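I opened this entry to look up open and enclosed spaces, aromatic pairs and one helix. My notes follow in the order I took them.

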Amino acid sequence: MSDDLTLREVLEVVERLYPPSTAQSWDRVGLVTGDPDQPVRRIHLAVDPTLAVVEEARELGADLLLTHHPLLLRGVHAVATTTAKGATVTHLVVGDVALYVAHTNADVAAEGVCEALAEACGLGVTQPLTVAEDQPLGRVGDLPEAVSLRAFVEGLAAHLPRTATGLRAAGPPEAPVQRVAVLGGAGDDLFDAVRASGADVYVTADLRHHPVLEAREEARGGPPFLVDAGHWASEQVWLARAEKALLAGLGDHAARVGTHISTVRTDPWTFVVGADPGGSP
């Protein structure tokens, strides 16, 4: 009899950490490819199930690829290799790599994305920023002491993976901040909750021109200030936390599997030109 763990056994732990029932109603989480009875000797963790990530997982001998973002969030009518998604599915199946997605259920979890981002910001005890579909969305907490907005952003940058675009901030660089709200990934629909929380600064991603401009106008130059940390970077910090939680959840069985965090930077931006780094208004 094999001593290998089965995919079913591993996913029992994953789903205790990130119950599918806590995902938002529009989301698509869970097992995408794979046989629950297949053996799992190596687990690969990544934000996005791109072709490069799947190739990396296969090269490292992974049996399970655990990602944050779904591969098939919207319906598709074919998985032929003539499309990127079709090629990804084919490479997973041919390579005998199971794909499992923990998306919004990982956002809201105690060992999830928002807690990992809050930790990167230097926050200790946090509370939910808001509640969506009966689940705690985002986090808000306080720094040990007030710091300038520039110092805060520089400190956060040191704890996030580097990207071509870095972090963008909206607010006076010298403004003091102490109360911090966070939401990994896209979050410009929560400005009302951020204002209600009393946050001095809000860290999220995918901030668009008009919502940010309107939010800054409403603030009349004061808080809450805004930090766009980048979608991939703001969620990539979860991978190490997920790896640690998964191994802890496996308990005595953890020694039977290897884990690896993807080194592929799936942030789509590759370079910038003409940026003003001086904080000009």
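I began with the second largest pocket, where β10 gives the largest share of the lining, four residues. The model is a predicted one, and I kept that in mind for every entry.

**Second largest pocket.** I read its volume as about 600 Å³. I counted 25 lining residues in the record of this pocket, and Trp 26, His 103, Thr 104, Ala 186 and His 231 are those nearest its centre. Looking for the elements that give two or more residues to this lining, I found α4 (104-107), β10 (176-186) and α9 (231-236). I then sorted the lining by class and got 10 nonpolar, eight polar and seven charged residues.

**Largest pocket.** I next turned to the largest pocket, with a volume of about 1200 Å³. Its lining takes in 35 residues, and Leu 167, Arg 168, Ala 169, Asp 276 and Pro 277 lie nearest the centre. Two or more lining residues come from each of α6 (149-157), β9 (168-170), α8 (209-219) and β12 (225-228). Which element gives the most to this lining? I noted α6, with five residues. By class, I have 21 nonpolar, seven polar and seven charged residues for the largest pocket.

**Cavity.** I looked for enclosed space and found one cavity of 30 Å³ or more. The volume of this cavity is about 40 Å³. I listed its lining as Ala 46, Val 47, Asp 48, Val 53, Trp 232, Gln 236, Leu 239, Ser 262, Val 264 and Thr 266. Sorted by class, the cavity lining has six nonpolar, three polar and one charged residues.

**Aromatic pairs.** How many aromatic pairs does a search of the whole structure find? I got two. One is formed by Tyr 18 and Trp 238, edge-to-face, at 5.6 Å centre to centre with 75 degrees between the planes. I placed Tyr 18 in the loop between α1 (7-17) and β2 (30-33) and Trp 238 in helix α10 (residues 238-250), so that the pair links distant parts of the chain, 220 residues apart. Are these two residues buried or exposed? I found that Tyr 18 is buried and that Trp 238 is buried as well.

Phe 191 and Tyr 202 also pair: their ring centres are 6.1 Å apart and their planes stand at 85 degrees, so I entered the pair as edge-to-face. The cut-off I used for that label is over 60 degrees. Phe 191 sits in helix α7 (residues 191-197) and Tyr 202 in strand β11 (residues 201-205), 11 residues apart. I noted both Phe 191 and Tyr 202 as buried.

**Helix α10.** Trp 238 led me to check the helix that holds it. At 1.5 Å a residue, the 13 residues of α10 should span 18 Å, and I found the end C-alpha atoms 18 Å apart, which agrees. Which residues of α10 are buried? I listed Trp 238, Leu 239, Ala 242, Glu 243, Ala 245, Leu 246 and Leu 250. Leu 239, buried in α10, had already come up in the lining of the cavity. Last, I looked at what follows α10 and found Gly 251, with a positive phi near 60 degrees.

Definitions and conventions: Residues numbered from 1 in each chain as written. Predicted model: local features only at pLDDT ≥ 70, side-chain atom pairs only at ≥ 80, totals over all residues. Heavy atoms only, no water. 1 Å grid on protein atoms, 1.4 Å probe; cavity = no way out; pocket = protein on both sides within 12 Å on 5 of 7 lines; lining within 4 Å. Points joined across faces, edges and corners; volume = space filled by probe spheres on them. Nonpolar A, V, L, I, M, F, W, Y, C, P; charged D, E, K, R; others polar. Phe/Tyr/Trp six-rings, centres within 6.5 Å; stacked < 30°, edge-to-face > 60°. Buried < 20%, exposed > 50% of the residue type's maximum accessible area, 1.4 Å probe, protein only. Expected span 1.5 Å × (residues − 1).
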